[in-house]
Amino acid sequence: MPIETRKLREALGCFATGVTVITARSLDGELLGITANSFNSVSLEPPLILFSLDRRAYSLRKFEECGRFAVNVLDEAQQGISTAFATPLADKFAGVSYEFGRTGSPVLMDALAVFDCSTRFRYDGGDHVIFVGEVLDLVVREDGKPLLYFRGKYRGLSDPAGS
Ligand SMILES: Cc1cc2nc3c(=O)[nH]c(=O)nc-3n(C[C@H](O)[C@H](O)[C@H](O)COP(=O)(O)O)c2cc1C
């Protein structure tokens with residue numbers, strides 16, 4: 001029996017994640033950003049992380065070409081930023097504070113952590129492309145709570161159990 005996509009989405013939604021915005025500056029200087037919860041750790045030595053990007057994403061080719069990206073781990077106060085960066089064609093950076101990181105990618109202010117990466121490998125991931133980045137620089141904030149995503153909804157660590 002083939003796996004039903006709706007059921008697969010439902011099952012994947014049971015895996016609670018944080019939420020990130022993956023940013024980059026394209027070769028022609030355009031600022032790119034997408035909300036992604038496919039971020040994951042890969043290796044400590046060398047320091048490698050991954051995310052997967054939908055083949056239909058506007059920014060796919062530009063992420064492939066520029067060879068670098070930053071992973072911004074969102075704070076629970078940044079749900080609006082998550083929504084903005086998940087909306088195609090919006091002016092995603094309007095009103096968002098950022099500075100340029102070591103690799104030249106925009107780094108969002110107030111993120112819980114930032115992994116500034118150069119792209120080391122790209123793999124075929126079906127309808128997504130898997131990007132593996134080598135971490136060249138890090139930002140870690142000592143305080144703050146994460147924005148979470150579970151069963152298709154944003155959550156916070158402070159949500160009462162079971163709600
Ligand atoms: C919580 C959440 C997680 C998401 N995770 C991913 C992801 O891991 N990979 C992806 O390609 N799109 C993901 N998306 C959808 C993209 O953010 C959205 O399609 C985005 O607009 C694509 O950017 P672009 O087409 O403007 O380049 C996610 C959306 C949300 C709300």
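Which residue is the bridge partner of tyrosine 149 in S12? The partner is tyrosine 154, and Figure 3 returns to this pair.

**Figure 1. Overview of the predicted protein model.** This is a predicted model, in which local features need pLDDT of at least 70 and side-chain atom pairs count only at pLDDT 80 or more, while totals for chains, interfaces and linings use all residues. Residues are numbered from 1 along each chain as its sequence is written. The protein has three helices and 12 strands; helices (H or I, at least four residues) and strands (E, at least two) are DSSP runs, numbered from the N terminus. Its radius of gyration, taken over C-alpha atoms, is 16 Å, close to the 15 Å from the globule rule (2.2 Å times the number of residues to the power 0.38) for 163 residues, so the protein is as compact as a globular protein of that length. Along the principal axes, the C-alpha atoms fill a box of roughly 45 × 40 × 35 Å. Of the 163 residues, 31% count as buried, that is, with 20 or more other C-beta atoms within 10 Å of their own, C-beta atoms being placed from the backbone.

**Figure 2. The shell around the ligand.** The ligand is surrounded by 17 residues, each with its C-beta atom, placed from the backbone, within 6 Å of the ligand. The closest are Thr35, Ala36, Ser38, Asp54 and Ser59. Strand S3 (31-36) and strand S5 (48-54) are the elements that give two or more residues to this shell. S5 supplies the largest share, four residues. By type, the shell holds 10 nonpolar residues, six polar and one charged; Ala, Val, Leu, Ile, Met, Phe, Trp, Tyr, Cys and Pro count as nonpolar, Asp, Glu, Lys and Arg as charged, and the others, Gly among them, as polar.

**Figure 3. The hairpin of S11 and S12.** Strand S11 (residues 147-150) pairs with strand S12 (residues 153-156) in the antiparallel sense over four bridges; two strands pair if DSSP finds at least two bridges between them. Tyrosine 149 is bridged to tyrosine 154 in S12, and leucine 148 to arginine 155 in S12. Two residues lie between the strands of the hairpin, and arginine 151 in the turn has a positive phi of about 50°.

**Figure 4. The open sheet that contains the hairpin.** Three strands form this sheet in the order S1-S11-S12, with antiparallel pairing. Strand S1 (17-18) and S12 stand at the edges with a single partner strand each, so one side of each has no neighbour in the sheet.

Terms used: Buried ≥ 20, exposed ≤ 12 C-beta atoms within 10 Å, placed from the backbone.
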